[in-house]
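Please look through the sequence and the structure shown here before reading on. The notes below are meant to be read beside them.

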Amino acid sequence: MVNESEQKVVGSATWKKVIWILLFSVLLLPVLLPTIMILFVSMLPTLVAYVVDRHRDKYLASTVGFINFCGTVPAIAQLWLTGHNLTNAQKILGDVYLWFVAYGAAGFGWLIYLMMPALVGSYYAVYSRSRLTTLAKQKEALLEFWGEDLAEGIDSLGERVGSQGLDTK
C-alpha cells in the first residue's frame, strides 16, 4: 500500500508537469496560433476516429491520424511560405482544395484501416494454399524416393496405426 508521503510526491510531480505544459502552451499559443488553427480544423477526422475507436491501442486513430497529418502538411507549408499570420490562415482555411486534400487523406486512412484485415486474410489464404501444394509435392517426392512400403503404416494425419493401437478411424 502506498503511504501518504509517497502519494504527495507523486501528486506534486504530476501537477508540476501539468503546470509546465500549460505555461509552455500559453507562451507558444500567440506565436503558433495560425498553425494551430489549421491543424485543429484539418485534423478533425482524427479526433472523430479517436472517439469512435474502441480498441485499447487506438489503431484506427493512429492510422487515420498519420495519413490525415500527411494531408494537412501542404496547408501548413503554404501558411509558412506565404507568411505566418491570421489573415493567411483564414485564406488557407477558405481554400476548398486544401480541405479536400486533408479530409481525403483522412478518408484514405479509414479505407486502409477497413481494407487491411481482408487483404491480410486473402494473402494468408493464398500463402496457405501454396504451402499445401508445396508440401504435397514434397510428400510425393519422399514417397517416390523411399517407396510406398514406408507410408503403409501411417494414416492421413501422420500417426502410426497398428502396433500401438492408435486406430483413428
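What follows is a briefing on the overall make-up of the chain, its cavity, and a few helices and residues.

The model is a predicted one, and its secondary structure comes to 6 helices and 0 strands. Of the 169 residues in the chain, 18% are buried.

**Overall make-up**

- Read from the N terminus, the order of the elements is α-α-α-α-α-α, in keeping with a count of 6 helices and 0 strands.
- Among the contacts in the chain with a separation of 6 or more, 64% are made between residues that stand 24 or more positions apart.

**The cavity**

- The structure holds 1 cavity of 30 Å³ or more, and the volume of the largest cavity is about 60 Å³.
- The lining of the largest cavity is made up of Ile-38, Val-41, Ser-42, Ala-75, Ile-92, Leu-93, Leu-98, Trp-99, Ala-102 and Tyr-103, and the elements that contribute two or more residues to this lining are α1 (4-42), α4 (86-93) and α5 (96-146).
- Helix α5 provides the largest share of the lining of the largest cavity, with 4 residues.
- Sorted by class, the lining of the largest cavity has 9 nonpolar residues and 1 polar residue, with no charged residues.

**Ser-42, a residue of the lining**

- Ser-42, which is one of the residues lining the largest cavity, has its place in helix α1.
- Because its relative accessible area is 8%, Ser-42 counts as buried, the cut-off for that class being under 20%.
- When its neighbours within four places in sequence are left aside, Ser-42 is in contact with Asn-68, Thr-72, Ala-102 and Tyr-103; of these partners, Ala-102 and Tyr-103 also appear in the lining of the largest cavity.

**Helix α4**

- At the start of α4, a side-chain oxygen of Asn-85 comes to within 3.4 Å of the backbone nitrogen of Thr-87.
- The buried residues of α4 are Asn-88, Ala-89 and Ile-92, and they lie on the same side of α4 because they cover an arc of only 105 degrees around the axis.
- Gln-90 and Lys-91 are exposed residues carried by the face of α4 that is turned away from its buried side.
- Ile-92 therefore belongs both to the buried residues of α4, which share one side of the helix, and to the lining of the largest cavity.

**Helix α2 and the loop after it**

- In α2 the buried residues are Pro-45, Thr-46 and Ala-49, and they line one face of the helix because, seen down the axis of α2, they fall within an arc of 100 degrees.
- Val-48 is also found in helix α2, which spans residues 44-52, but Val-48 counts as partly exposed because its relative accessibility is 47%, a value in between the limits of 20% and 50%.
- Val-48 and Val-64 are separated by 16 residues in sequence, and their C-alpha atoms are 9.6 Å apart in space.
- Lys-58 is placed in the loop between α2 and α3 (59-82), and it has a positive phi of about 55 degrees although it is not a glycine.
- As background to that angle, most residues other than glycine have a negative phi.

Key:
Residues numbered from 1 in each chain as written. Predicted model: local features only at pLDDT ≥ 70, side-chain atom pairs only at ≥ 80, totals over all residues. Heavy atoms only, no water. Buried < 20%, exposed > 50% of the residue type's maximum accessible area, 1.4 Å probe, protein only. 1 Å grid on protein atoms, 1.4 Å probe; cavity = no way out; pocket = protein on both sides within 12 Å on 5 of 7 lines; lining within 4 Å. Points joined across faces, edges and corners; volume = space filled by probe spheres on them. Nonpolar A, V, L, I, M, F, W, Y, C, P; charged D, E, K, R; others polar. Arc of directions from axis to C-beta. Polar contact = N/O pair within 3.5 Å; in protein donor to acceptor, adjacent residues only side chain to side chain. Contact = heavy atoms within 4.5 Å.
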